[in-house]
Every structure is written in C-alpha cells, then in structure tokens.
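Biologist: Please take a close look at the salt bridges here. Start with the chain as a whole, then go pair by pair.

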Amino acid sequence: IGYTRLTLEEMLGNTNAVSRTALNYPYANLFASSSDLLPNVDFGGPNGGEINNEQLYIGGGEAPPYLNAQNSYTVNDNLTKLMGHHLFKVGFFGQMGRFNGLTTGNDNGSVTIQQQTYSYTQNVWADLLLGYISEFSQSSANIKAAMEDKRFDFFAQDTWKATSKLTLNYGLRVDHIGWWYDRGGRIAIFNPAAYVPSSSYIAYTGMETHATTPSVPLSGSQPLSFQWAPSVGFAYDLSGNGKTVVRGGFGTNYYIDPGQNAFSAIEAPPNFKVATMWAPSWPGYTLSQISSLDFSTALPTVWGTANPSDHHTPVTYSWNLAISHAFPWSSKVEANYVGNVSRNLVGYGIQNAVPEGSESGPYYGTYYDQLYRPYANYGDIDTHFPQLELQLQRAAVERHPPEGLAELLGQLHLW
C-alpha cells in the first residue's frame, strides 16, 4: 500500500502592487469576477515593440493563492510459486490519482493598445493613461477542477525451464484503465446534434457536460473496457555452455495520459467562457465602457474538449531479438535489434476548421473564414484525439572488452 502527495503553492508576492482596491482602479470588466487584480496590458504595434517590457502580465490561475495538490493511492500484491521447472507468479495492482488544478483564464481581464490601428495619441503609454484601448478580453471566473483517475490490473506469468538450453517466459496482464474525469462533471464535449444554427453565440448550443446533460460520461468519452496485454520471451543457449545465447521477446503496455489533456476540456463553455472585444472604429474603446459592452456578439473561444467517440487506450508494443557470444578473457560481442510502436497517443485536433479551398477571394481573413465554417457560432473547437503514433527501432553491434567499456556500432531510427 502506498500514498504519494505532491504540492505546489502558487501565489503573488505583493498583491497590493496589482490590486484594484489598493490602487483605486474604478472600472469593471465584462464578466463579474471576484478577482481584485488589475487587467493585464499588452502594448501592440511598432511603438509597443520599442518598450522594454511590452506586457504587464499576471498569468491566469495564479491568484488568489491556492495549493495545487496531486495525490496518488496505490495497492498491490503478488504471489510466487515454484513448481518443478515452472516459476509461477500472479498479482494485482490498483491505483487512484487525484489533482485539483485551477484553470488559467485571465479572469482579471486583458487590454491591448495598438498604435497603428486605434491610437488616440499615437503613443501607447499615453493612450493607456487616458483610458483608450483597442481590444479587451476576459475569461469568466477560474474553476478549480477535481480530477480523478482509477485503474486496476491483474497479471499471471510463468517462467519455464523447458530444457537445459531453453527458457520460456510468458504471461498476460489484464488492465482496466479508466479515463481521467472531473468529479464535478464539467468536462465538455461538442455535440453537433445539439447545435442550433439560429441560436446566439452565448447560448453555446452543442457544448455539453455531464453536469448539463447527464447522458454525457463524466470523462466526456466512451467508457473503456478491459485491456489485454500479453507478453512472451525466450532465451536459448546454442552451445549449452552459456557462451552463445539467443534472446528475444514481445510485450504490450497500456497506459493513460497524465491528466492535463482531460483537464483542458474544462476550459470550455458552458462552464468556462472567454470573450474578446475588438473596437470597431477609431478611437477605440475607453476603459469606462468595458462593463457595458455586449459580449453576446463575441465569437466563443473553446480551448479544449473531450472526444465523445474516443474509446482507444494509449498502448506500446515492443519487441527485441539479440545474439551474444562470450570470448576468452571476459570479452563479449552482441548483435541486437529492438523496436517499439506506440499508438493512440493523445494529440490535439480541430473541429469546425475552415474547409480547405473553400475561400475563393478576393478577400480573406477571420470574418470570411467564419462564413465557411460548418458551425458558424464557433471558431476553432480544439479537441484531443488519440491520433498520434510513434515508432522507434534500433539495431546495433556491441563489443564489451574486459574492462567493462562498450564499443557501439549501430543505427537508430525514430519517426
């Protein structure tokens, strides 16, 4: 039985230096928020580029102070039995992981001042001091997730001394590895069947979570079944005196991602919202206008969603073959080949992309992109898919001189 806890406290050293209250900052934001931090500031344009520190930025999720805790609980046991030429081993392993990450939206708000577009004074610092800005963005209040993952595995294996020259090893591991999920049911998916083209942006039609639609799994993806992971290996002594040995094997290993991909699917409507407002004309917005802007016209931002049709567990298949020969004076030469392939690795893809070749011009850009998207009420919908594959192969010849140093002649392939 084991328990591991990793904690990381995130906090600002001097909150008064960026406090609305302490600095008497009077203006409200788009979304109501408990954050007392001043908005972030980004100086855009050529004049902004000449400023040594062209951003005044506090990373989202760093305030108020909170304790980021990761907990892992494990239990395992095994039984070994020697029977004749067989060495049997059976066992089980169980684990539950939890962490409480805070989303990283800028719930304090962010303002942008661009000299070349909507500058009132042609100096970005002067514009800021007068309260003129060209862009404002903000997220709704950050969410503290309650992420959890469970797995339990059983295995049985046998090492069999079949003859004086041949040893076989074979076994089977049966895994049940579940998806990471949020105990509050806030992992989002995009359901095209629930999308309503005539709805407003802020209706967020098509975006669903277990909390809003109980038929959606807590993880947002299809439940995983058992995973069957066989392995087999052998060692054969060609000469019977241990000088020339051939070895080989094949193995299967299932696993799950660390949880950050699942966590990112919380940063999506309907529980997490982000709005960006661009000033339509000169001289731009003023800071005093921000709270009265109608953000229902702002295209929603979707930072991450789960894939509701995903039922593929990441897996690695590995194999190896080697032959070694021992020479006098403890010198040995070995030729070996090892390889593996990993499949169903989680990566990000885009739903609702602009179809390739759909724009014929003469005008291009964000506005025209939106005319061709399948779901016009959204931009890119980032979604994690089990779509990546990694292969590694290595072939080598090694000479081990008596002093224990190795000379390697071989090649490595990775793609």
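Modeller: A contact means heavy atoms within 4.5 Å of each other. The model is predicted, so local features need pLDDT of at least 70, side-chain atom pairs count only at pLDDT 80 or more, and totals for chains, interfaces and linings use all residues. Residues are numbered from 1 along each chain as its sequence is written, and side-chain values use heavy atoms, with hydrogens and water left out.

First, the whole chain. Take the contacts in the protein chain with a separation of 6 or more: 73% of them join residues 24 or more positions apart. The chain has 5 helices and 22 strands. Both are DSSP runs, numbered from the N terminus: H or I of at least four residues for helices, E of at least two for strands. The radius of gyration is 29 Å, well over the 22 Å that the globule rule gives for 415 residues, so the chain is more spread out than a compact globule. That radius is taken over C-alpha atoms, and the rule is 2.2 Å times the number of residues to the power 0.38. Along the principal axes, the C-alpha atoms fill a box of roughly 90 × 55 × 50 Å.

Now the salt bridges. A salt bridge is a side-chain nitrogen of Lys or Arg within 4 Å of a carboxyl oxygen of Asp or Glu. The structure holds 10 of them.

Take E148 and K150. Their side chains meet at 3.5 Å, N to O. E148 counts as buried, at 3% relative accessibility. K150 is partly exposed, at 44%. Buried means under 20% relative accessible area, exposed over 50%, and partly exposed in between (1.4 Å probe, protein chains only). Over the whole chain, 41% of the 415 residues count as buried.

Next come R247 and E334, with N and O 3.1 Å apart. This pair links distant parts of the chain: R247 is in strand β15 (residues 244–254), E334 is in strand β20 (residues 331–351), and 87 residues separate them. R247 is partly exposed, at 32%. E334 is buried, at 10%.

E389 also bonds to a partner, R343, with the closest N and O atoms 3.5 Å apart. E389 lies in strand β21 (residues 381–400) and R343 in strand β20, so this salt bridge ties together parts 46 residues apart in sequence. Both ends are partly exposed: E389 at 43%, R343 at 38%.

One last point brings back E148 and K150. Salt bridges that share partners join them with R98 and R183 in one network.
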